[in-house]
Amino acid sequence: MTVRTILTEPNKILRQISKPVQTVGKEEKKLMDDMLDTMYAANGIGLAAIQIGIPKRIIVMDISKEEHKKEPRFFVNPVIKNRDNLKSTYEEGCLSVPDQFAEIDRPKKCEVEYLDYNGEKRLLKADGLLATCIQHEMDHLEGILFIDYLSKLKKSIIIKKLSKNKSNRIVV
Ligand code: NI
């Protein structure tokens with residue numbers, strides 16, 4: 001398994017719409033393993049393939065709280081079947097928008113149909129943090145970042161900050 005580089009905003013690749021996966025084979029499993037490693041290494045709770053530059057509809061997630069009890073989840077070609085009218089609000093961050101956080105409202109519950117790590121079709125009823133996390137990650141598949149829900153002004157301030165950080169970044 002390999003830790004890959006996570007792309008950060010501003011980056012046009014993050015705005016691509018990811019393509020459905022045809023079959024969950026060896027290559028896709030290797031990708032999911034790498035994504036999970038990359039996510040754990042970055043202390044994230046969710047990661048979409050496009051965040052490491054691969055436009056496939058694949059998400060990995062682990063929202064378990066205990067450090068030693070990992071509960072990885074894999075979603076291939078996820079589709080939301082049902083959404084709640086009730087909203088919940090979380091302060092969201094994103095591995096592709098480093099060190100920036102904002103309160104975002106999303107449907108409190110949702111039902112998601114997807115293929116798991118073994119390519120089996122599954123339906124998950126998600127609530128609370130899990131529902132929010134799934135919706136955040138599924139936005140990545142459409143090229144949407146959480147900062148897109150903010151006012152133009154707030155968003156531009158964040159992008160400016162991130163661009164500045166980038167220009168100061170050196171790799172030695
Ligand atoms: Ni994200």
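Student: Hey, which residue does E9 meet in a salt bridge?
Tutor: E9 pairs with R15 through their side chains, at 3.1 Å from N to O. Keep in mind that this is a predicted model.

Student: Okay! Is E9 buried or exposed?
Tutor: E9 is buried, with a relative accessible area of 5%. Its partner R15 counts as partly exposed, at 29% relative accessibility.

Student: What else does R15 meet in a salt bridge?
Tutor: R15 also meets D148, and there the N to O distance is 2.7 Å. R15 sits in the segment before α1, while D148 is in the loop between α2 and α3 (152–167), so this pair ties together parts that are 133 residues apart in sequence. D148 itself is partly exposed, with a relative accessible area of 28%.

Student: Nice. Which residues are linked in that network?
Tutor: The salt-bridge network links E9, R15, D148 and K155.

Student: And how many salt bridges does the count come to?
Tutor: The count comes to 14 salt bridges. Another one of them joins K30 and D34, whose closest N and O atoms are 2.8 Å apart.

Student: Where are K30 and D34?
Tutor: Both are in helix α1, and being four residues apart, they are separated by about one helical turn. K30 is partly exposed, with a relative accessible area of 42%, whereas D34 is buried at 1%.

Student: What does helix α1 lie across?
Tutor: Helix α1 covers residues 26–41 and lies across β1, β2 (58–61) and β3. The helix runs at about 40° to β2.
Student: And what about α2, which strands is that one touching?
Tutor: Helix α2, residues 128–141, packs on the sheet and touches β1, β2, β3, β6 and β7. The direction of α2 makes about 120° with that of β7.

Student: Let's look at the sheet, then. What is the order of the strands?
Tutor: The order is β1-β2-β3-β6-β7, in an open sheet of five strands with antiparallel pairing. From one strand to the next, the twist averages 40°.

Student: Which strands stand at the edges?
Tutor: Those are β1 (46–48) and β7 (121–127). Each has a single partner strand, so one side of each is left without a neighbour in the sheet.

Student: Remind me, how do strands of a sheet pair?
Tutor: They pair through backbone hydrogen bonds, either parallel or antiparallel.

Student: Over how many bridges do β3 and β6 pair?
Tutor: Strand β3 (residues 73–83) and strand β6 (residues 109–115) pair over five bridges, in the antiparallel sense. If you want a spot to find on screen, look for R83, which stands opposite C110 in β6.

Student: C110 is a cysteine. How many disulfides does a search of the whole structure find?
Tutor: The search finds zero disulfides. For C110, the nearest cysteine sulfur is that of C133, which is 10 Å away.

Student: Why does C133 have no bond to C94?
Tutor: The closest cysteine sulfur to that of C133 is in C94, at 10 Å, and that is too far for a bond. The cut-off for a disulfide is two cysteine sulfur atoms within 2.5 Å.

Student: Are those two, C110 and C133, buried or exposed?
Tutor: C110 is buried, with a relative accessible area of 4%. C133 is buried too, at 7%.

Student: New topic: backbone oddities. Which peptide bond is cis?
Tutor: The peptide bond from E9 to P10 is cis, with omega near -5°. P10 has its place in the segment before α1. You have met E9 already, as the salt-bridge partner of R15.

Student: Which residues have a positive phi although they are not glycines?
Tutor: N77 is one of them, with a phi of about 50°. D99 is another, and its phi is about 65°.

Student: Where do N77 and D99 lie?
Tutor: N77 lies in strand β3, and D99 lies in strand β5 (residues 97–107).

Student: Last one: is D99 buried or exposed?
Tutor: D99 counts as exposed, at 66% relative accessibility.

Notes: Residues are numbered from 1 along each chain as its sequence is written. This is a predicted model: local features need pLDDT of at least 70, side-chain atom pairs count only at pLDDT 80 or more; totals for chains, interfaces and linings use all residues. Side-chain values use heavy atoms; hydrogens and water are left out. Two strands pair if DSSP finds at least two bridges between them. Helices (H or I, at least four residues) and strands (E, at least two) are DSSP runs, numbered from the N terminus. Axes are lines fitted to C-alpha atoms, for helices over the stretch in contact, and angles run from 0 to 180 degrees between N-to-C directions. Contact means heavy atoms within 4.5 Å. Buried means under 20% relative accessible area, exposed over 50%, partly exposed in between (1.4 Å probe, protein chains only). A salt bridge is a side-chain nitrogen of Lys or Arg within 4 Å of a carboxyl oxygen of Asp or Glu.
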